[in-house]
Amino acid sequence: MASYTEHYQLHQWVPEDDFLRTDFNENAGVAAALSAAESKAQVVTGSYNGNGAATRAITLGFQPAAVLVEAENGRRNPGDDYIYGGLALPGAPVMGSGSTAVDILETGFRVRSGGNSFTNFSGQWYSCIAFR
């Protein structure tokens with residue numbers, strides 16, 4: 001009787017095992033599903049230096065499913081109602097007191113400096129992760 005691989009639960013035979021066609025078909029189905037999942041899970045990382053512009057588009061060449069922006073110092077809303085980063089989704093931007101700080105675009109995302117949004121503050125480095 002076949003045992004299974006630890007991570008993917010594929011059939012793993014020993015010399016005295018009988019081979020069943022269904023075992024091979026199951027392995028092929030699992031392998032195809034894993035391949036499809038791996039090809040879809042794409043992450044792009046990067047950073048930018050804030051230039052102080054009221055709005056700034058960061059171009060990625062695709063519309064991200066989600067973008068996480070973080071200030072270099074890790075600062076988040078420390079009780080002063082200012083927004084320094086956060087997680088934006090299509091149709092669900094990072095907001096604070098009616099002001100949009102990060103939102104998704106068709107070819108990337110947009111950040112802002114002004115009001116209570118500080119995701120493009122001049123001289124501040126930001127790290128970002130975009131999920132495709």
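This report describes the strand pairing, the nonpolar core and the aromatic pairs of a predicted protein model.

**Overall make-up**

The protein chain contains 1 helix and 11 strands. In sequence order the elements read β-β-α-β-β-β-β-β-β-β-β-β. The chain has 132 residues, and 31% of them count as buried. Its accessible surface is about 8000 Å², with 54% of that area belonging to carbon and sulfur atoms. Among contacts between residues at least 6 apart in sequence, 57% join residues at least 24 apart.

**Strand pairing**

The table lists strand pairs, each with its bridge count and sense.

| Strand pair | Bridges | Sense |
|---|---|---|
| Strand 3 and strand 11 | 7 bridges | antiparallel |
| Strand 5 and strand 11 | 6 bridges | antiparallel |
| Strand 4 and strand 9 | 5 bridges | antiparallel |
| Strand 8 and strand 9 | 4 bridges | antiparallel |
| Strand 9 and strand 10 | 2 bridges | antiparallel |

Strand 11 pairs with strand 3 and also with strand 5. On the strand 3 side, Val43 stands opposite Phe131. On the strand 5 side, Val67 stands opposite Ala130.

Strand 9 is paired with strand 4, with strand 8 and with strand 10. Thr55 has Arg112 of strand 9 as its bridge partner. Val102 faces Val111 of strand 9, and Ser113 has Phe118 of strand 10 as its bridge partner. Two of these pairings are hairpins: 2 residues connect strand 8 to strand 9, and 2 residues lie between strand 9 and strand 10. In the turn of the latter hairpin, Gly115 has a positive phi of about 60°. Of the 7 residues in strand 9, 5 are buried, so the strand is largely enclosed by the rest of the structure.

**The two faces of strand 11**

Side chains alternate along strand 11. Tyr126, Cys128 and Ala130 point to one face and are buried, whereas Trp125, Ser127, Ile129 and Phe131 point to the other face and are not buried.

Ser127 illustrates the second group. This residue lies in strand 11, which spans residues 125–131. Its relative accessible area is 41%, so Ser127 is classed as partly exposed, between the 20% limit for buried and the 50% limit for exposed. Beyond its neighbours within four places in sequence, Ser127 is in contact with Gly46, Ser47, Leu68, Val69 and Glu70. Ser47 is 80 residues away from Ser127 along the chain, yet their C-alpha atoms are separated by 4.3 Å.

Tyr126 belongs to the other face. With a relative accessible area of 1%, Tyr126 is buried.

**Aromatic pairs**

The count of aromatic pairs in the model is 5. One of them joins Tyr48 and Tyr126, whose ring centres are 5.0 Å apart with 15° between the planes. The pair is classed as stacked because the angle falls under 30 degrees. Tyr48 sits in strand 3 (residues 43–49) and Tyr126 in strand 11, so the stacked pair links parts of the chain that are 78 residues apart. Tyr48, like its partner, is buried: its relative accessibility is 4%, against 1% for Tyr126.

Elsewhere, Tyr82, Tyr84, Phe118 and Phe121 form one aromatic cluster. Phe118 is also the bridge partner of Ser113 in the pairing of strand 9 with strand 10.

**The nonpolar core**

In soluble globular proteins, nonpolar side chains tend to be buried together. Here the largest nonpolar core holds 19 residues. The members that touch the most others are Tyr48, Val67, Val69, Val94, Val102, Phe109 and Val111. Strand 5 (66–71), strand 8 (99–105), strand 9 (108–114) and strand 11 each supply at least two residues of this core.

Phe109 has contacts in several parts of the chain. Leaving out residues up to four places away in sequence, Phe109 touches Tyr48, Arg56, Ala57, Ile58, Leu60, Val67, Val69, Val102, Asp103, Ile104 and Cys128. Of these, Tyr48, Val67, Val69 and Val102 are named with Phe109 among the core members that touch the most others. Cys128 is on the buried face of strand 11, and Tyr48 is stacked with Tyr126 of that face.

Note on methods: Residues numbered from 1 in each chain as written. Predicted model: local features only at pLDDT ≥ 70, side-chain atom pairs only at ≥ 80, totals over all residues. Heavy atoms only, no water. Buried < 20%, exposed > 50% of the residue type's maximum accessible area, 1.4 Å probe, protein only. Contact = heavy atoms within 4.5 Å. Areas by Shrake-Rupley, 256 points an atom, 1.4 Å probe, with all protein chains shown as cover. Phe/Tyr/Trp six-rings, centres within 6.5 Å; stacked < 30°, edge-to-face > 60°. Core = buried A, V, L, I, M, F, W, Y, C linked by side-chain atoms within 4.5 Å. Pairing = 2+ DSSP bridges.
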